[in-house]
Amino acid sequence: MREVLTAALLISGALLMLLAGLGLFRMPDMFLRLHAAAKASSLGVGLLMGAAAVGLGDVSVVARAVLAVAFVFVMTPVAALLIAQAAFRAGLPLWERTHQNDLEEHHPRGGPYEPRLGPDGED
Amino acid sequence: MSGWLEVITQGVLGALSIAMMFSLHRLIRGPSLTDRVVALDLFSLQTAAVIAVYALWVGQPELVDVALVLAVIGSMGTLVIARYLYSAKRRRS
């Protein structure tokens, strides 16, 4: 029973990690690549850590796996948000078939990000 | 560990190495610096996953510590580089 659960976690986690790598390899745009890499990989690492915890079946391993999954689930979205913000401000070109850009007026196609400064000099 | 589970574990390690090849390609050929940073983040997560699966394969619970530390440190580096890019852009404008 435990081995079947371990095998299911292993296979689903490996498929998700492969999907994340394939998305990073094939997507046309940095933001789409980030979207593929950040979400699928965090869930894949969580499933594989869960597989290690279930398969080894030790209390200390379970505690460490839970800690690692909690850290990954907290840190990966924050890192993805910050790197996307930095890339957008640096004026990275969007994919030409991106059809919704809510900051279009600040970010003309391919051009750098030009913030409208408020009265205190902050955008 | 029974035989079929060991075969599945080896297959998972093979799939993870293919995924690491993909992210290594993006790390080398990425057109921008942020692409490389994202690829490095994903590469460290994949290394942590490989170490966790290897710990399961050889039955060494101590190796999970290494995977834990690697999973924490990798995202930390991405965060620091993102803050650096953000502030470097602001100072120039």
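How many helices and strands are there in chain A? Chain A has three helices and zero strands, where helices (H or I, at least four residues) and strands (E, at least two) are DSSP runs numbered from the N terminus. Reading from that end, its elements go α-α-α. Chain B also comes with three helices and zero strands, and its elements run α-α-α from the N terminus on.

Before we look around, some ground rules. This is a predicted model, in which local features need pLDDT of at least 70, side-chain atom pairs count only at pLDDT 80 or more, and totals for chains, interfaces and linings use all residues. Residues are numbered from 1 along each chain as its sequence is written, and chains are lettered from A and ligands numbered from 1 in the order in which they are written.

**How sure is the predictor?**

The score to know is pLDDT, the predictor's confidence in each residue, from 0 to 100. Chain A has a mean pLDDT of 85, with 85% of its residues at 70 or more. For chain B the mean is 89, and 94% of its residues reach 70 or more. Within chain B, confidence is highest in helix α1 (residues 3–29), at a mean of 94, and lowest in helix α3 (residues 63–92), at 82. In chain A, α1(A) scores highest at 94 and α3(A) lowest at a mean of 91. For the complex, the predictor gives an ipTM of 0.89 and a pTM of 0.87.

**The overall build**

Start with chain B. Its C-alpha trace spans about 60 × 25 × 10 Å along its principal axes. The radius of gyration of chain B is 17 Å, while a compact globule of 93 residues would have one near 12 Å; this radius is taken over C-alpha atoms, and the globule rule is 2.2 Å times the number of residues to the power 0.38.

How much is tucked away? A residue is buried if 20 or more other C-beta atoms lie within 10 Å of its own, exposed if 12 or fewer, and partly exposed in between, with C-beta atoms placed from the backbone. By that count, 42% of the 123 residues of chain A are buried, and in chain B buried residues make up 39% of the 93.

**The two middle helices**

Now for α2 in each chain. The expected span of a helix is 1.5 Å times one less than its number of residues.

| Helix | Residues in helix | End-to-end C-alpha distance | Expected span |
|---|---|---|---|
| α2(A) | 27 residues | 38 Å | 39 Å |
| α2(B) | 26 residues | 37 Å | 38 Å |

The span of α2(A) agrees with the expected value, and that of α2(B) is close to it. Because 23 of its 27 residues are buried, α2(A) is largely enclosed by the rest of the structure. Helix α2(B) is mostly covered too, with 19 of its 26 residues buried. Just after α2(A), Gly57(A) takes a positive phi of about 65 degrees; just after α2(B), Gly59(B) takes a positive phi of about 70 degrees.

One residue to find in helix α2 of chain A is Ser41(A). Is Ser41(A) buried or exposed? With 28 other C-beta atoms within 10 Å, Ser41(A) is buried. Leaving aside neighbours within four places in sequence, Ser41(A) is in contact with Met17(A), Ala20(A), Leu42(B) and Leu45(B), where contact means that the C-beta atoms of two residues, placed from the backbone, lie within 7 Å.

**Where the chains meet**

In this pairing, 47 residues of chain A are in contact with 46 residues of chain B. On the chain A side, α1 (2–26), α2 (30–56) and α3 (59–89) each supply at least two residues. The largest share of that side, 18 residues, comes from α3(A). By class, the side of chain A touching chain B has 34 nonpolar, eight polar and five charged residues. Here Ala, Val, Leu, Ile, Met, Phe, Trp, Tyr, Cys and Pro count as nonpolar, Asp, Glu, Lys and Arg as charged, and the others, Gly among them, as polar.

**The core**

A nonpolar core is a set of buried Ala, Val, Leu, Ile, Met, Phe, Trp, Tyr and Cys residues joined through C-beta atoms within 7 Å. The largest one has 62 residues, and those with the most contacts inside it are Leu48(A), Ala52(A), Ala49(B), Ala52(B) and Ala67(B). Each of α1, α2 and α3 of chain A and α1, α2 and α3 of chain B supplies at least two residues of this core. Its largest share, 16 residues, comes from α2(A).
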